[in-house]
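Trainee: Could you pick one part of this model and take me through it closely? I'd like to see how you decide what sits inside and what doesn't.

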Amino acid sequence: MGALARCLVLCALASASAAGSDRHVSLGIFDGTDAAEHEFPSQVFVVSLINEPWRGNSFYRTCGGTIISAKWILTAAHCVNGSARTEVRAGSSARGPAWRPGKLLAKRRIVHEKYRLYGRNDNNAADDIALVELELPLDGRRMAAVPIAKGKPARRRGVVIGWGLTEQGDFAKILQKLDVNIIPCPEKTPKAICIRSAPGSGVCSGDSGGPLLVDGVLHGVASYIDLADKTLEPNDHCGDGRAWGVYMRVASYRRWIQRHTGIAP
Ligand SMILES: *[C@@H]1O[C@H](CO)[C@@H](O)[C@H](O)[C@H]1NC(C)=O
């Protein structure tokens, strides 16, 4: 299995040795619009330095994450799993550089005990959710924790955000937002919530770990995109009207979050 095939969830990779270039390996939000500064004060930029022996070197994985309390960030497991170092940048809608993201260092990463990849080329993920505990609490200025969903969203419409690749082929410099429809997951996907948007739009690599928000409540964490046609590589089909986005259903993880953080979000 090649290195590329192992990064088919919505992650984005940048080689640590080519730290200045933020090179992408696979295909952010297509056809989104710029978020205003501080429009999403719960959004953070998450960068993990990962060393996977099969890849032969270290690389940076860039993702989104959501502030759920002054010390805790919720993100996707594949954003931090296997990482020796995770840094978080909060308080801005501007994308941080992968190699110097900010000053907020993770003290601890808690990857869901049942996190796993499966399916053709490990395109799918289960329990793809993780907590990042910050060394120092956020100071609250221009940052805010969001409440976690207790059940199903009241509406079938939400917003997704991220600094992932755009239809121009570059990572977004300004946080992108996109209105999406919440759909029944086309394939049996336990503890997931699925989204679809107008053809030409959708999430893409680099948006992983970011939120699906409905009326300001956190309902999902971005994991991967999927297509009914399994001969296609989902990450080559960002913005394809046939693809859908799979988010971990946060309401299913309330107790897990509570158990590990002690907070009742
Ligand atoms: C998570 O990281 C560990 C340690 O690097 C690794 O053994 C495991 O295979 C990873 N899990 C997945 C699903 O990639």
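Mentor: Let's settle the yardstick first: a residue is buried if 20 or more other C-beta atoms lie within 10 Å of its own, exposed if 12 or fewer, and partly exposed in between. Keep in mind that this is a predicted model.

Try the yardstick on Lys191, in the loop between strand S12 (176-183) and strand S13 (192-196). Lys191 has 16 C-beta neighbours inside 10 Å, so it counts as partly exposed. Its backbone is worth a look too, since phi is near 55 degrees, a positive value in a residue other than glycine. Most residues other than glycine have a negative phi.

Asp127 makes a nice partner for that one. It isn't a glycine either, and its phi is positive, about 50 degrees. You'll find Asp127 in the loop between strand S9 (124-126) and strand S10 (130-134). Asp127 has 20 C-beta neighbours inside 10 Å, which is why it counts as buried.

Now for the close look: the core and the strands that go with it. Over the chain, buried residues make up 49% of the 265 residues, and there are 2 helices and 16 strands to hang things on. The largest nonpolar core has 68 residues, and those with the most contacts inside it are Val46, Ile73, Ala130, Val160 and Tyr247. Domain 1 (7-25 + 42-145 + 254-261) and domain 2 (157-251) both give residues to this core, so it lies between them. In soluble globular proteins, nonpolar side chains tend to be buried together.

Start from Val46. Leaving aside neighbours within four places in sequence, the contacts of Val46 include Cys63, Ile73, Thr86, Val88, Val132 and Gly209. To place some of those, go to the strands. Strand S3 (residues 43-52) is joined to S6 by 7 bridges, and the two run antiparallel; Phe45 stands opposite Arg89 there. S3 also pairs with S4 over 10 bridges, again in the antiparallel sense, with Phe59 in S4 as the bridge partner of Ile50.

Both of those partner strands are well covered. In S6 (residues 83-90), 6 of the 8 residues are buried, so the strand is largely enclosed by the rest of the structure. S4 (residues 57-69) has 10 of its 13 residues buried.

Carry on from each. S6 goes on to strand S7 (residues 104-111) through 2 bridges, antiparallel, and Val88 has Leu104 as its bridge partner in S7. On the S4 side, a hairpin of 2 residues leads into S5. S4 and S5 (residues 72-75) are antiparallel and joined by 3 bridges, one place to look being Ile67, which stands opposite Ile73 in S5. That brings you back to Ile73, one of the core residues with the most contacts.

Ile73 also points you to a loop. Ala145 is 72 residues from Ile73 in sequence, yet the C-alpha atoms are 9.0 Å apart in space. The loop in question runs between S10 and strand S11 (157-162). Ala145 counts as buried because it has 21 C-beta neighbours inside 10 Å. Apart from residues up to four places away in sequence, Ala145 touches Ser42, Ile67, Ile68 and Ser69.

One last stop is the ligand. Asn81, Gly82, Tyr115, Arg116 and Leu117 surround it, a shell of 2 nonpolar, 2 polar and 1 charged residues.

Definitions and conventions:
Residues numbered from 1 in each chain as written. Predicted model: local features only at pLDDT ≥ 70, side-chain atom pairs only at ≥ 80, totals over all residues. Near = placed C-beta within 6 Å. Nonpolar A, V, L, I, M, F, W, Y, C, P; charged D, E, K, R; others polar. Helix = DSSP H or I, 4+ residues; strand = E, 2+ residues; numbered from the N terminus. Pairing = 2+ DSSP bridges. Contact = placed C-beta atoms within 7 Å. Core = buried A, V, L, I, M, F, W, Y, C linked by C-beta atoms within 7 Å. Domains from an automatic or database assignment.
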